[in-house]
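Me: I've got this model open and I'd like to talk through how its parts touch. Can you take me through the reasoning as we go?

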Amino acid sequence: MKEQLLDILNDLRPDVEFEKEKKLIDDGVLDSFDIVSLVSELNSEFDVEINVMDLEPDNFNTVEAMLELIVKMQEEG
Amino acid sequence: MTKKQGLRLVVFIVLLGIVLNTMIGVFGFPPNDGTISIKKRFGEFYSGAENTWDCVMVGASCVDREWVAPLAWNDYGMAVYPMNTARQPLVLTTNILEEVREKQDVKLAVVDIRGIQMFTLRPEEAKIRNLLDNMKNSKNRYQAVKKIIKFYKEYFSREDVKDGQEMLEKLDEASLYLPFIKYHSRWKTGLYDSDFEGITSDMKGVYEEQAFVVKEVEPTKMVDETMELNELQKSILDEIVNYGKDTGLEILFITSPTHLSKREVIETKAAVRYLEEQGEKVIDYNTEEKYQEIGIDFSKDLYNEHHLNSRGAVKFTNYFAKYLHDNYQFEDKRGKDEYKDWDDAYVRYLEFYEKGWKDAEKEK
Amino acid sequence: MDFISATFVVFVILLSAVYFITPQKAKWCILLLGSYIFYMASSVKLLFFLVLTTAVTFVCGLILGNINEKQKTYLKEHKNEMTREEKKAFKSRTSGKKKWIVAAAVLINLGLLIFLKYFNFIGGNINSLLAGMGIEGKIPHLNLLLPLGISFYTLQSIAYIVDLYRGKYQADRNFFKFSLFMSFFPQIVQGPIARYDQLAHQLYEAHKFDYYRVTQGVQLILWGFMKKLILADRLAVAVNFVFDNPDPHEGFVLFFAAAGYGLQVYADFCGGMDVARGVAQILGIELALNFERPYFALSIEEFWRRWHITLGGWMRDYVFYPLSLSKAFATLGKWTRKIFGNYIGKKLPTFLSMFIVFLLVGVWHGSSWKYVAYGIWNGTIIVSSILLEPVYEKVLKKCRVNTDCFSWRFFQMMRTFVLCSFGRFFSRGISCMTSLDMMKRTVTNFNPWVFFDGSFLELGLGYKDFYVIFIFILVLLVAGVMQERGIRIREKIAEQNLYFRWLLYIGALVVLLIYGSYGPEYAVGEFIYQQF
């Protein structure tokens, strides 16, 4: 799953080294455009429904946080 | 807050107060052409010895143009100081007298009433500031500001004042209470050494700038027409009269001798008559008879339509000092130690007078 | 009560004193009292609208909170009995109920704002539209007064309601405390637009007097006053001079006015924020940052991320994300992808929602077509720059431009500055048409001689004013560079010797009082004796 996520991320922003970044949102690495495209990609790729209330910086600051969110979403359905 | 921090705060506030006070003092009324003599006069008033004056003269510009205090001192040993300002608002007369009496126990106040004309009463900013912005902060100044703001509104709300509305909008009250609000912008126009060091008159308020200019002026034409003062004008005179009664200060009203237009003759005479009716002491120096007694020569003794030059001033001083000497028993204080600066002023004046006319001759 | 005034300073000193001597439990009451006094100093009548919005928001919030609680306990109790599908259905049932409440609250609050702020604009436009069709429009022009801060507290209330809908936090159960959150005086007039979860608890907690914190707050206030009085109000003289009567001016003079207006607004708004944050800091409350050196932005998009940050953040969370992630937009995306292909098609729905955001931001500033144009201007630049990015990259590669050096970034900064300044024609111009005309005359008249023939000295400012403007911008620049490098200037100052700190405080105050642009100006010759 992590591979899949990294593929999506690198596709989105080839200039960012995602595994090194710890504050993707707080430092403004990813802007709101990126987030919107990312979320729609994730939703279709992992068959989840990430919606507006999940768009907290804490959920997207690191790759690990994103993975956690996806897993949680898949469990909840 | 700990004790140490509290103490520190107090020291800081004191320090800040000193700095700000100095700054406000420096960025004050500008010592420019036409205003420097006022600044000097007030400088001497505030820094000079207390309770040394016998009499104060107040009014508009004519007063210092006609009165040479060192001459009267030399002749009679009387200390009569001119505390006029250019276009001094007559409505503030009691405030200036109050200010003087804080420092000087004068027995007599000579009030020039030519400022009673409606046009002259017009409270323009420059007129107000000439006086108020040279006064130190005090309760009296505060009251004067309040009074002039009220008067300003009253005057410009009158139907016979055409641009009243426009002028009302212009009034900036805050900067009258705290002139720094206006004068801080003097960083653009420049400051002078006198802003920092202060400046005082060394000839007892003698007018200097155009004292040696001569302009041939038509003598004042007398007219028979008369008029009645309006309520506003009357109330101003009443206030001064009442002030004299309340404080026991003797007041002598005069009209300074100068060239008057037809309208001015009518309006000042109305004021003279009004005061006489109230039983006040008034001397109108703008009559054919008085001109002759004083010896005013309209072709030589004025520097413009409205003001005596130093030659005219000497004539009037000689005349008026004698009048004061004959009618008011001021002690002759010549030779007293605390009046040494009056002697010095006399010496300086003689020099100033001689040199001034010599230079004026040369320029011709 | 104006922020930048002696009255306000006195008010803050008195309020802080009372706040610190009041017992812990009642401290927040002092803030509430102070906030309402502050509000009533501007208008007593219009307080009604603030109270109304506060009440509506509070009650709707309470209902939403109760639904949230019930849902939570129900799910907890029946955790094991329910299937995933059942849970889902239950959730969507409650969220349906919640939607009605949200709709009611937003409708009332936003409705008030729209009615008071835009009624005359909308009505006037409908009338003229009808007139165009030969029908006499009968929508009257109402004499409406805009309540102080309504544009800010309305957004704050909507954020609170929507956050409760999203279940982000619990509803406030104390009406008076909530009233304080809605009316806190440093931020009611012009923001920052606060989020309930960030501000409210700070307001309710009791803060003790802290010497260090107070000095930091005072520094910030002083700095804000300087920006406003030394720079903004001075620039305003020339800016107003040109914009009030633009016809005689051409080319660079017009550009100067537009750029000057941008700087003026920055210094004015950012200065106001510094004062707001400084005052709050004295009381122990941290307000959100609203400006992060916008003029260092490399693109318009970045500029708007650094400018009025709390408004941008609000728009992002409550307009942009919900729109972009809505089902309708997802459907739209599928459709556009079919037509325009993957690259553009995927982006189009996002562009649309962003365009909507910029239109809203534009209109939020004021009810006039020029603000619509202002929104379109900014939206268009951002969209086109993203769309054209591949083209830029090709051109830069072909021309062998090194994009990894200071000079290139400086160029980008300047480019952003110029584009931003042009946008200012809309926000300051008297009307949309005048603004367009001014823009045209800026680019069609190349008049470099105005830099040398003294044209700029005829705009109401003397050369000494320009020195002061120049020096102060330099100071801002240096401070900005330091902050960009992560230096916390106020903390650095606090590390210096007492003597130096005092010199700095007193010096800054003296500079502010002397060089500030306030009061009637003294002119040479004013007292020269004229006629008697």
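Reply: Sure. Let's start where two helices meet: Phe12(B), Leu15(B), Leu16(B), Val19(B) and Met23(B) in H1(B) meet Trp502(C), Ile506(C), Val510(C) and Leu513(C) in H21(C). Keep in mind that this is a predicted model.

Me: What makes those residues of H1(B) and H21(C) count as being in contact?

Reply: The test is that C-beta atoms, placed from the backbone, lie within 7 Å. Phe12(B) and Trp502(C) are among the residues listed for this contact of H1(B) with H21(C).

Me: How do you know what class the residues of the contact of H1(B) with H21(C) belong to?

Reply: Val, Leu, Ile, Met, Phe and Trp are among the types that count as nonpolar. The contact of H1(B) with H21(C) divides into 9 nonpolar, no polar and no charged residues.

Me: Why are H1(B) and H21(C) called roughly parallel?

Reply: Helix H1 (residues 3–26) of chain B and H21(C) pack at an angle of about 30 degrees, their axes 11 Å apart. Angles under 35 degrees count as roughly parallel, so that label fits H1(B) and H21(C).

Me: And which hand does the crossing of H1(B) and H21(C) have?

Reply: H1(B) passes H21(C) in a right-handed crossing.

Me: How many residues do chain C and chain B bring to their contact?

Reply: Chain C brings 21 residues and chain B brings 32. On the chain C side, helix H21 (residues 498–515) gives the most, with 6 residues. By class, that side has 16 nonpolar, 2 polar and 3 charged residues.

Me: What does the side of chain C that touches chain A look like by class?

Reply: There, 15 residues of chain C are in contact with 12 residues of chain A. Helix H4 (84–132), helix H12 (309–324) and helix H14 (342–365) of chain C each give two or more residues to that side, and H12(C) gives the most, with 5 residues. The classes come out as 5 nonpolar, 3 polar and 7 charged.

Me: Now inside chain C: how many residues of domain 2 and domain 3 are in contact?

Reply: Chain C is divided into domain 1 (6–208), domain 2 (210–291 + 431–532) and domain 3 (296–428). The contact has 17 residues of domain 2 and 16 residues of domain 3, while 28 Å separate the centres of these two domains, taken over C-alpha atoms.

Me: What gives the most to the domain 2 side that touches domain 3 in chain C?

Reply: That's H10(C), with 5 residues. The domain 2 side that touches domain 3 divides into 11 nonpolar, 5 polar and 1 charged.

Technical notes: Residues numbered from 1 in each chain as written. Chains lettered and ligands numbered in written order. Predicted model: local features only at pLDDT ≥ 70, side-chain atom pairs only at ≥ 80, totals over all residues. Domains from an automatic or database assignment. Helix = DSSP H or I, 4+ residues; strand = E, 2+ residues; numbered from the N terminus. Axes fitted to C-alpha atoms, helices over the stretch in contact; angles between N-to-C directions. Parallel < 35°, antiparallel > 145°, perpendicular 65-115°, else oblique. Left-handed = near helix turned anticlockwise from the far one by under 90°.
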